[in-house]
Amino acid sequence: MPRSRSRYGRYVDGPDPLAPPVDLAEALEAISEDVMAGYSAERALREFLRRGGRNSQGLDDLAGRVQARRRELLERNKLDGTLAEVKELLDTAVLEERKELARDIGLDDLDRDFREMQLANLPESTAAAVTELANYDWRSKPAREAYEKIKDLLGRELLDQRFAGMKQALENATDSDRQAIAEMLKDLNELLEAHRRGEDTDEDFATFMDRHGDFFPENPKDVDELIDALANRAAAAQRMLNSLTPEQRQELMQLSAQAFGSPELMAQLGQLDANLQSLRPGEDWSGSEQFGGDEGLGLGDGTGVLQDLAELDSLAAQLGQGYGGARMDDIDVDALARQLGPDAAVSARTLAELERALRNAGYLSRGSDGTLKLSPRAMRQLGKTFLQEVSDRLSGRTGQRDTRLSGAAGELTGSTRQWAFGDTEPWDVTRTILNAMRRDAAEAEHPGPGGRFHVQLEDVEIVETETRTQAAVALLADTSFSMAAEGRWLPMKRTALALHHLVSTRWRGDQLDLITFGRYAESVAVEHLVGLPALREQGTNLHHALLLAERMFRKNPTMQPVVLIVTDGEPTAYLAPDGDSLFSYPPSMPTLRATIAQLDRVRRLGARITFFRLGDDPGLESFVRQMADRVDGRVVNPDLDDLGAAVVSEYLSSRRADLGNYWGA
């Protein structure tokens with residue numbers, strides 16, 4: 001039986017069907033970090049795409065490779081390849097002719113002297129020498145063949161400039177091949193002129209392709225695609241000529257008349273260029289490049305390099321994403337693969353898929369003003385992530401698992417009862433299944449083992465719990481400029497988001513109010529806090545924040561008030577009766593008196609108060625210690641990395657204390 005063989009390689013034709021899914025968690029975390037640092041969601045997304053992820057290069061890396069590729073092309077090549085090749089063929093023809101003249105004993109001496117004089121006095125210019133020898137009667141067959149190769153080479157190069165691959169395709173071309181090209185150029189110019197006048201039809205294009213389609217491997221679908229392909233190549237050819245020195249350009253123009261020994265070819269190509277420039281004036285017909293390498297390029301290859309340079313410039317703009325409405329889908333992945341290889345295309349596809357998945361998964365949404373924002377779903381995911389980090393820290397600190405973060409509807413009593421509408425307590429699964437099996441067995445006419453059973457509402461039993469107290473929690477977050485300047489801005493936001501997620505998902509009966517305080521205080525939604533940029537305003541108005549906390553507690557009189565204050569500075573502002581914020585540094589006595597008085601009012605409502613002191617400022621340490629002692633509160637001085645765990649731990653501690661006080665009462 002013959003053995004089958006298989007070959008394996010990198011998958012490059014579209015997205016890899018076996019590739020792992022894109023890492024949305026990594027992207028979301030990176031974007032959220034930038035948003036919390038003050039970037040807009042749009043800019044944060046762009047920054048992530050620029051940096052890339054763990055398994056894909058970013059746009060900056062790809063753009064850097066594009067620029068390196070561009071430099072390589074310019075520094076490696078020069079554009080005199082055709083001139084050098086013509087000169088080499090000319091030197092060969094002259095040398096072979098001189099050899100023949102020296103050994104041809106039958107040649108008249110006067111004729112020999114005249115020929116040798118002609119060869120000795122050829123112009124230094126290669127083009128002028130080729131032109132002068134156009135009517136020379138070669139005695140040497142190798143010399144004649146070398147000279148004819150010059151004409152053939154020039155014709156193939158000039159055609160290769162306009163039609164990629166012609167140089168190789170027309171090697172050793174016959175007269176019939178040249179005639180076919182002449183007919184193609186004539187028909188092409190007629191088609192383009194008719195199109196320019198608006199007189200062409202689909203049938204005209206189809207007829208042209210039937211006759212000359214072999215010259216166009218791109219297989220254009222209509223005349224516009226044909227014009228686009230031709231104009232792109234012709235414009236690159238013109239830029240290549242513009243990149244030559246004036247002397248080189250003049251040499252080539254003189255040599256062009258010798259192409260295939262047919263001046264009509266140059267006339268047809270000139271007419272083609274004129275038609276294309278008229279039809280596609282938006283192409284770059286006037287640009288040029290500076291080449292500084294040693295590897296000579298012919299006209300066709302040089303035109304290809306100019307096309308590559310233009311494609312690289314286009315890719316650089318696409319990867320830069322610096323224009324309005326830029327999307328990853330704008331990137332020409334096929335062009336990227338051509339220029340940088342399949343790995344670059346895979347990275348671009350991965351980034352595009354990440355951008356698409358972030359939008360489609362609902363992590364990014366458009367606000368009413370059209371700006372991109374983190375969606376509520378993204379906020380929940382971030383809160384879950386940050387809360388898990390807090391849980392890991394707490395577990396590492398106490399040796400307990402993260403079940404210590406769980407919040408049930410109340411304390412378990414050990415009893416169960418039948419479910420009733422409105423109950424939210426957990427099911428007792430064992431008793432529920434037993435009830436269903438007993439009921440099915442009782443209702444069956446012939447009960448037997450192995451039969452299926454069906455759970456109905458009347459079978460469901462729930463675990464009874466005792467009611468617990470609810471808490472009104474005010475998290476007071478310092479947003480003065482020192483918080484951002486000292487690197488405390490992001491830890492504060494991560495802490496707020498983790499606490500918000502804990503309360504909203506596991507202690508849903510509690511009320512959480514996020515209050516920021518700088519020059520003024522403000523009660524904010526978590527979405528606002530996450531996107532809040534660093535504020536460059538002076539002032540730490542704890543007095544105003546405590547006023548807002550008191551207002552929140554009075555709106556929830558049946559809840560146990562809890563105050564968590566995160567700050568890195570003493571109070572330096574307070575709210576005057578007229579609503580103005582009065583700032584003074586160092587802290588003034590009116591500021592301290594107003595803050596202490598408001599703290600006392602909050603304490604009289606029964607609030608449990610904890611200060612989280614950030615930094616080692618002696619003045620702040622003394623102040624918060626005295627304030628905490630005054631209201632029987634606590635002071636915690638966590639490291640920045642431990643701030644979230646400290647705040648969540650204090651919140652949970654207050655919940656346990658509240659439950660103890662409730663049942664003790």
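## Leu-265 and Lys-151

Start with Leu-265, which sits in helix α13, the run covering residues 263-279. This is a predicted model, so everything here describes computed coordinates. At 8% relative accessibility, Leu-265 is buried, because the cut-off for that label is under 20%. Setting aside the neighbours within four places in sequence, Leu-265 touches Gly-155, Leu-159, Leu-185, Ala-259 and Phe-260. One of those contacts, Leu-185, is 80 residues away in sequence, yet the two C-alpha atoms are 8.6 Å apart in space.

Another pairing of this kind involves Lys-151, found in helix α7 (residues 141-162). Lys-151 and Ser-262 are 111 residues apart along the chain, with 9.0 Å between their C-alpha atoms. Is Lys-151 buried or exposed? With a relative accessibility of 15%, Lys-151 counts as buried, since the limit is under 20%.

## Salt bridges

The model has 40 salt bridges in total. Take the one between Arg-76 and Glu-295, where the closest N and O atoms are 4.0 Å apart. Arg-76 belongs to helix α3 (residues 59-76) and Glu-295 to strand β2 (residues 295-296), so this pair ties together parts that are 219 residues apart in sequence. Both partners are partly exposed: Arg-76 has a relative accessibility of 34%, and Glu-295 comes in at 43%. The pair also belongs to a network of salt bridges that links Arg-69, Glu-72, Arg-76 and Glu-295.

Other bridges stay within one helix. Glu-100 pairs with Arg-103, with 3.3 Å between the closest N and O atoms. The two are 3 residues apart in helix α4 (residues 81-103), which puts about one helical turn between them. Arg-103 is exposed, at 51% relative accessible area. In helix α9 (residues 175-197), Asp-175 and Arg-178 are likewise 3 residues apart, again about one helical turn. Their closest N and O atoms are 3.0 Å apart. Here Asp-175 is exposed, with a relative accessible area of 62%, while Arg-178 is partly exposed at 26%.

## Patches on the surface

Which residues gather in the patch of negative charge on the surface? They are Asp-202, Glu-203, Asp-204, Asp-222 and Glu-225. Helix α10 (residues 202-212) supplies the largest share, 3 residues. Asp-222 lies in the loop between α10 and α11, the latter spanning 223-243. With a relative accessible area of 35%, Asp-222 is partly exposed. That value lets Asp-222 qualify for a patch, because patch residues need over 30% relative accessible area.

There is a nonpolar patch on the surface as well, made up of Trp-427, Val-429, Ile-433, Leu-434, Met-437, Phe-453 and Val-455. Together these residues have about 610 Å² of accessible area. One of them, Val-429, is found in helix α18 (residues 429-443).

## Backbone oddities

Now for the backbone. Most residues other than glycine have a negative phi, and most peptide bonds are trans. Asn-219 has a phi near 50°, a positive value in a residue that is not glycine. Asn-219 is in the loop between α10 and α11, the loop that also holds Asp-222 of the negative patch. At 43% relative accessibility, Asn-219 is partly exposed.

Asp-632 also has a positive phi without being glycine, with a value near 55°. Its place is the loop between α24 (618-630) and β14 (634-636). Asp-632 is exposed, with a relative accessible area of 64%.

Where is the cis peptide bond? The bond runs from Tyr-585 to Pro-586, with omega near 0°. Pro-586 lies in the loop between β12 (581-583) and α23 (589-604).

Methods. Residues numbered from 1 in each chain as written. Predicted model: local features only at pLDDT ≥ 70, side-chain atom pairs only at ≥ 80, totals over all residues. Heavy atoms only, no water. Patch = residues over 30% accessible without salt bridge, like charges linked within 9 Å, V, L, I, M, F, W, Y side chains within 5 Å. Areas by Shrake-Rupley, 256 points an atom, 1.4 Å probe, with all protein chains shown as cover. Salt bridge = Lys/Arg side-chain N within 4 Å of Asp/Glu carboxyl O. Lys, Arg positive; Asp, Glu negative; His and termini not counted. Charge placed at Lys NZ, Arg CZ, Asp CG, Glu CD. Helix = DSSP H or I, 4+ residues; strand = E, 2+ residues; numbered from the N terminus. Buried < 20%, exposed > 50% of the residue type's maximum accessible area, 1.4 Å probe, protein only. Contact = heavy atoms within 4.5 Å.
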